[in-house]
Amino acid sequence: MSLDKATVAKVANLARIKVEEKDLEPMAAELNNILGWIEQLGEVNTDDVEPMTSVAQMSLRWRADEVTDGGYAEDVVANGPNHEDGYFAVPKVIE
Amino acid sequence: MSDLTRMTIAEARDGLDAGDFSARELTAAHITAMTASKPLNAFITETPDQAVDAATASDARRAKGEAGKLEGIPLAIKDLFCTKGVLTTAASHILDGFTPHYESTVTSNLWDEGAVMLGKANLDEFAMGSSNETSYYGNVVNPWRREGDNRDLVPGGSSGGSASAVASFSAMGATGTDTGGSIRQPASFTGIVGMKPTYGRCSRWGVVAFASSLDQPGPMARSVRDTAIMLEAMAGFDAKDSTSVNMPVPNFEDAMTGDIKGLKIGIPKEYRIDGMSDEISSLWQQGIDWMKDAGAEIVDISLPHTKYALPAYYIIAPAEASSNLARYDGVRYGLRVEGKDLNDMYASTRAEGFGAEVKRRLLIGTYALSAGYYDAYYLKAQKVRARIAEDFKQAYLNVDAILTPTAPSAAFGFGEKGDDPLAMYLNDVFTVPASLAGLPGISVPAGLSKDGLPLGLQLLGRPFDEETVFRVGGVLEEAAAFTATPTDWWRG
Amino acid sequence: MGMIIQGATGDWEVVIGLEIHAQVTSKSKLFSGASAAYGAEPNSQVSFVDAAMPGMLPVINEMAVEQAVRTGLGLNAKINEFSVFDRKNYFYADLPQGYQISQFLQPIVGEGKIIIDLKDGETREIGITRLHLEQDAGKSLHDQHPSQTFVDLNRSGVPLMEIVSEPDMRSPEEAAAYVKKIRSIVRYLGTCDGNMDEGSMRADVNVSVRKPGDEFGTRCEMKNINSVRFMQQAIIYEANRQVDIIEAGGTVDQETRLYDPDKGETRSLRSKEEAHDYRYFPDPDLLPLEFDGAFIARIRETLPELPDDKKARFISELGLSAYDAGVLVTEKEVADYFEAVAEGRDAKLAANWVIGELFGNLNRTGKDLSDSPVAAKALGELIDLIKDGTISNRIAKEVFEEMFDTGKAAGDIVEEKGLKQVSDTGAIEAAIDDVIAANPDKVAEYRGGKDKLFGFFMGQVMKATQGKANPGVVTEIMRPKLDG
């Protein structure tokens, strides 16, 4: 498997990271270098191996259904680069 | 009065108890040291005023007989821990100006035990790096230099600021986080002790996430005992972290009995990698001999999938990161670069806000999870990870702890690894396998390289058996009798 | 009966599958302790977890797990004792984490089935593919500012159950019946309030067309429809659109479309035109969700009687018609009301009163059962007055209107207005005698064989007694007199 320029552009778009056209090719080379090295995982026999999902051998702990949080709208928006009337504001989205 | 910064935490604790000095004096001495250490760039944010206030409050508590486990001890906090009212950056441009309105569980625990924060320690951006060269706030410099050489060296990473602060006597201890070696490798590079607890031992709540299934906070200090004292304060069950394990926190200091007679120490043959330098292999042999001399039984073991740990890690960690870092989008906090529409704002903000290494990993991680590649990369890596964990499980049927080098080399110079990210990734070859398996590990300074740089040995334990790790670590530390310190060239 | 579109090339069948998003009834959110209540000041019901602040972590709400299992049982579905939360990764302004925690490969509930009720008591079985738990997103407001979209995260992290159906429906009516049935079931179970206006239930509708007997066609998805009526309109529009495309020689593109109720048409969602790649993977902040059979059994024990069972019982034990039973069980409140009225009484009579008079008056006044001025007990008392002969059925209707308008008790109204039925044989006999005497020609006709005139005499007697004469007593006395 080898990434071409178009795939890097697609992945960068999925990751919402702007990559200049001129940087796509070098980026592809860089990523291919790393992915090529990762290919060696193919040498490991993983038939009948369950993928590891968590380190700790325990099951998910549940929380009681109580309202214990929230009620501090000002703290929530305080760090917002752009907020108005208690809302976060972003460039207009047209559906 | 002798220099208050040269003590261990244990010594300072005794001195405070005895009334030889106050927390205010202790803190003042460290603020002076911190200020003098600016050339090391170990701190992103210094909080001397808060530190003085906290020390004053600490003295008051002590006077009332309410001293905690770390009462009055000045610490550096890796700037990955969210601290209420104090800028928290993860060393990234994208978190510009972010001031949390909450305090991480681990730091809360430390303050509850009386510790004093000196400031927020520099790190690799989002903890992604092994040399502390990826911080938006600039490189951290290792207090150590090669003998007869004035060039700056890296402190290791990602907890490079924490390591540098402790090694330069600016802080008595520091918090770190370890995802693939980020506590242990910088500890080895700077001649201090770094302890990564079992995954689930310390809460991750309030710690900026890099790779959720691997991230684990831990202590860094100048002695094994100090890390034991710190971990006891940091650790504990946290209902706010679903991966936190509900187990009592043992008295780690008490576990350091100084006696390891009859313990079985495993030596994994796969860690004898191609091209291992003579000084690393002889240091390792020296460690084995020390263990033997202390009455431990040395057992040769095999961890057959060791060589696949790094490539598996470089899929799993970036994949998780690609999702964990999606929240940095310029909407609710941090940097925003305006764009022509919402998507353009996202892409521009993230392009400007993230550094090259972070972007590289986010792209790798996004690709590894994308349609058509998930099975080949992510799922495969998680299966390999399961095999690595199984290797350790089998080994621990026969041994109580495992001894290896911490890193394949001593600290290196800036830019010495060239442009190849793979060369940098190899730094973590000995630390990553235990991270994947979630095991506890400690790096203990054990000797000097031929250039006079510190080198560490790593001890790994069974899950939740930090006690054995501290016990063996204490014996190793005593045998190594590592007393070398860097010259304080940075004071100018 | 499926919907058939008669195209130029023949008949087309419509195939419909639904994904219903139902808000779990709970106090707090799926993974945080913030309130899940509807409507509040912007961002006031948001925790740092819901706002995806750095370092925040999810912890699951036990109520959400319980409610999902309870709903699964109500859908006759397989409950999975082991399920996994995955991250669905995409960027959107009201999705603070940059991913939604959902369940992808291993949902909490697997295959099930429900019965939908169609016209004339007809029923059909519709397959349930799965039910999984997931977080709701926040809310984007596009109309508050000329150049900006405002984001309110109050809904961010609210627990949702996504209930996915098999593509088993063949007409807008069936889709409507399915939504109504799901709504009925979750309301019975108390797992979702089913309120479509407040968005606690909304549907994504998948529509395709095919020639009967052919393979399924390419489907289009219409997202976030929050009214049954709009859903039906959307299906009709969309099915016809697809038939037109295919018959014109084109092909239907698999895409997400938006239904515009104002224009009555669907259009492509261009803002989402780029192919999604959600990069699902197990959420490393969470462990697999596990419980045992005992947990499921405990929930099973608390299940109420569900509409289908109730309907069957109303038919078999209470003797109601399938239609009446179906009408009465749709809403649990109605069924409970009916059962309170019918308790110890003639169930068919009770059903007639509830469906006829009560519903009629509620409709007339635009009221819900919950604010009905006539309580079940009061209606029961009215029926008792009919049964014991105190008032006639006709008078009872008058009394009911009065009850509905004033909230007074039936007995009081009868008393106040002197509506008590007359069973005094002397008074009735006198009235009969007067009527017979006043209508000799009609009497002659009756005696000549025109039996139907009995009704005329009855009417005259009732008129003379202002309707209060007991019709049974009138008949008993009048018949021998007329027969001579």
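**Exercise 1. Work out whether the radius of gyration of chain B agrees with that of a compact globule.**

Start with the rule, which takes 2.2 Å times the number of residues to the power 0.38. For 492 residues that puts a compact globule near 23 Å. Now look at chain B: its radius of gyration, taken over C-alpha atoms, is 21 Å, so the two agree. Those C-alpha atoms fill a box of roughly 65 × 55 × 50 Å along the principal axes.

Before going on, note that this is a predicted model, where local features need pLDDT of at least 70, side-chain atom pairs count only at pLDDT 80 or more, and totals for chains, interfaces and linings use all residues. Residues are numbered from 1 along each chain as its sequence is written, with chains lettered from A and ligands numbered from 1 in the order in which they are written.

**Exercise 2. Find what share of chain B is buried.**

Take buried as 20 or more other C-beta atoms within 10 Å of a residue's own, with C-beta atoms placed from the backbone. By that count, 64% of the 492 residues of chain B qualify.

**Exercise 3. Describe the side of chain B that touches chain A.**

First, count contacts (C-beta atoms, placed from the backbone, within 7 Å): 54 residues of chain B meet 39 of chain A. Next, pick out the elements, with helices being DSSP runs of H or I, at least four residues, numbered from the N terminus. Helix 10 (309-324) and helix 13 (375-395) of chain B are among those giving two or more residues. Helix 13 of chain B supplies the largest share, eleven residues.

How values were computed
Contact = placed C-beta atoms within 7 Å. Buried ≥ 20, exposed ≤ 12 C-beta atoms within 10 Å, placed from the backbone.
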